[in-house]
Amino acid sequence: MPRREGTPTSLEPKQTEEPSELLRELVAHLRQNRTQLREEWVVRITETRLLTAMTKEEIFAEATSVYDSYVEALETEAFEALQAYARNLSERIIPRGVETHEVVGIVLLLRDVLARSLFAKYQNDFKKLNRILDAYEPAANRIANTVAVGFVQERERVIRQQQEAIRELSTPVLQVRERLLILPIIGVIDPQRARQLTEQLLRGIRTNRAKVVVIDITGVAAMDLTVANNLVQTVEASRLLGATVIVTGLSPEIAQTLVTIGVDLGKMNTVGDLQGGIEQAERLLGYKVEKLAEPR
Amino acid sequence: MEVPILKQGAVLIATFQAALSDADLNQLRMGLVQQVVKFRSRAVIVDVTAMDVMDSFASRTLREIAHMIRLRGAETVIVGIQPEVAFAMVQLGLTLEGVATALDLEEGLAYLNEKFKTTN
């Protein structure tokens, strides 16, 4: 039984003659009919109501560059370049609110539009059509995959960046008096944030030469054992830098957690609320606050 | 490697260089106590600013130094622990419990001043 001609057995570029000839023929066809096929694709995109966040002109502009990159990827099989392009594209359109399903959707639509044009072109030669599709399909699928993965990677990168920004925003170390720092913690503390808090605080103690730190956790609803341990470690590490830590604002739940893990409360200096904590810190630092007049 | 020990009135100041071997630490322990006896010092400041890592042996040695010196009626203050070192230490459970600590030499001397004032 003669081997089926031109059958690629894997997605990797092969140096056998037939497939690459077919590919060249395919690419030439796609380039020749570029205007018409691109127009058809844009129509389909609008019909399926994708990319609604973008204007017609923007869709057309992006469609042009996607089309060209698509055909080039088919021709050169340089998928890294395509992935870089996909990430770049994602960087532009993610802030516009474009979703993953839209990006995957339009790439699949392009695949379909191009496939249909191949059906039309080779409708009189079924065997040839099959061979062309054998060359086209794996490459087209790989392209869809590459673009989708590139898009998702970019989204994940943005999310990580935003998480980092949020974390930094929400852990300011504030000096309210000479040698006195306040660290007001609000929200959810995960182990990573807890670690970042500790590092930031220790650096702050050294920079500001703080002798007392008030850590206020009124805004923290709950902590797990890991984070509670982290808090204890923060207190101990601060002491090694010569600073006393006062923890204020413990909720009943957190107080329970600390007792459960057996925190030596003798080691931890706690006061009910932030006001009380600052007053005690002032006493420790030798300040006396006196009211001289009524507020105006 | 010798650890330089300076005398500042009633206070001895020992400045760690980076990377002290176990042998150096042992030598220091004996040396410091001998100096405290010789000069009848009231306090020792151990400056570890140059240490970028503190392992359990070094940590234990520092505590032993402090205990031995206390037996001579003198106070020990460890100064200059770097933020990264402090963080690593507490994660390993090395807290230098029972030993006084201060941010740096200046703070260490200020702490001792206060202490001597109140005990006099």
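Trainee: Which strands does helix α2 of chain B lie across, and at what angle does the helix run to β4(B)?

Mentor: This is a predicted model. In it, helix α2 (residues 56-71) of chain B crosses β3 and β4 of chain B. Its direction is at about 155° to that of β4(B).

Trainee: How do the two strands under that helix, β3 and β4 of chain B, pair?

Mentor: The sense of a pair and its number of bridges are read together. Strand β3 (residues 43-47) and strand β4 (residues 75-79) of chain B pair in the parallel sense, over 5 bridges. Within this pair, Ile45(B) is placed opposite Val77(B) of β4(B).

Trainee: In what order do the strands of chain B stand in the sheet?

Mentor: The order is β1-β2-β3-β4-β5 in chain B, an open sheet of 5 strands with mixed pairing. The edges are β1 (5-8) and β5 (100-102) of chain B; each has a single partner strand, so one side of each lacks a neighbour in the sheet. On average, neighbouring strands of this sheet are turned by 25° against each other, direction ignored. Another helix, α1 (residues 22-39) of chain B, packs on the sheet and touches β1, β2 (11-15) and β3 of chain B. The direction of α1 makes about 160° with that of β2(B).

Trainee: What pattern does chain B follow along the sequence?

Mentor: The pattern is β-β-α-β-α-β-α-β-α, built from 4 helices and 5 strands. Of the 120 residues in chain B, 38% are buried. Among contacts in chain B with a separation of 6 or more, 77% join residues 24 or more positions apart.

Trainee: How many residues does each chain give to the contact between A and B?

Mentor: The size of an interface is often given as the accessible area lost when the parts come together. Here the description is by residue: 13 from chain A and 13 from chain B. On the side of chain A that touches chain B, the elements giving two or more residues are α7 (191-208) and α8 (225-240) of chain A. By class, that side has 4 nonpolar, 3 polar and 6 charged residues.

Trainee: Which residues of helix α10 of chain A are buried?

Mentor: Within α10 (residues 274-284) of chain A they are Gly277(A), Ile278(A) and Ala281(A). These residues cover an arc of only 95° around the axis, and therefore lie on the same side of α10(A). The face turned away from the buried side carries exposed Gln275(A) and Arg283(A). The cover over the buried residues includes β2 (180-186), β3 (212-219), β4 (244-248) and β5 (269-271) of chain A. Just after α10(A), Gly286(A) takes a positive phi of about 85°.

Trainee: Why does Ala281(A) count as buried?

Mentor: The cut-off is 20 or more other C-beta atoms within 10 Å. Ala281(A) counts as buried because it has 27 C-beta neighbours inside 10 Å. Leaving out residues up to four places away in sequence, Ala281(A) touches Leu180(A), Val212(A), Val214(A) and Ile246(A). The C-alpha atoms of Ala281(A) and Arg177(A) are 9.8 Å apart, with their positions 104 residues apart along the chain.

Trainee: What is the mean pLDDT of chain A?

Mentor: The mean is 85, and 93% of the residues of chain A reach 70 or more. By element, helix α1 (residues 17-32) of chain A has the lowest mean pLDDT (82), while β4(A) has the highest (95). Over residues 13-17 of chain A pLDDT stays under 50, and the model has 3 contacts beyond four places in sequence for that stretch.

Note on methods. Residues are numbered from 1 along each chain as its sequence is written. Chains are lettered from A and ligands numbered from 1 in the order in which they are written. This is a predicted model: local features need pLDDT of at least 70, side-chain atom pairs count only at pLDDT 80 or more; totals for chains, interfaces and linings use all residues. Two strands pair if DSSP finds at least two bridges between them. Axes are lines fitted to C-alpha atoms, for helices over the stretch in contact, and angles run from 0 to 180 degrees between N-to-C directions. Two residues are in contact if their C-beta atoms, placed from the backbone, lie within 7 Å. A residue is buried if 20 or more other C-beta atoms lie within 10 Å of its own, exposed if 12 or fewer, and partly exposed in between; C-beta atoms are placed from the backbone. Ala, Val, Leu, Ile, Met, Phe, Trp, Tyr, Cys and Pro count as nonpolar, Asp, Glu, Lys and Arg as charged, and the others, Gly among them, as polar. The arc is that of the directions from the helix axis to the C-beta atoms. pLDDT is the predictor's confidence in each residue, from 0 to 100.
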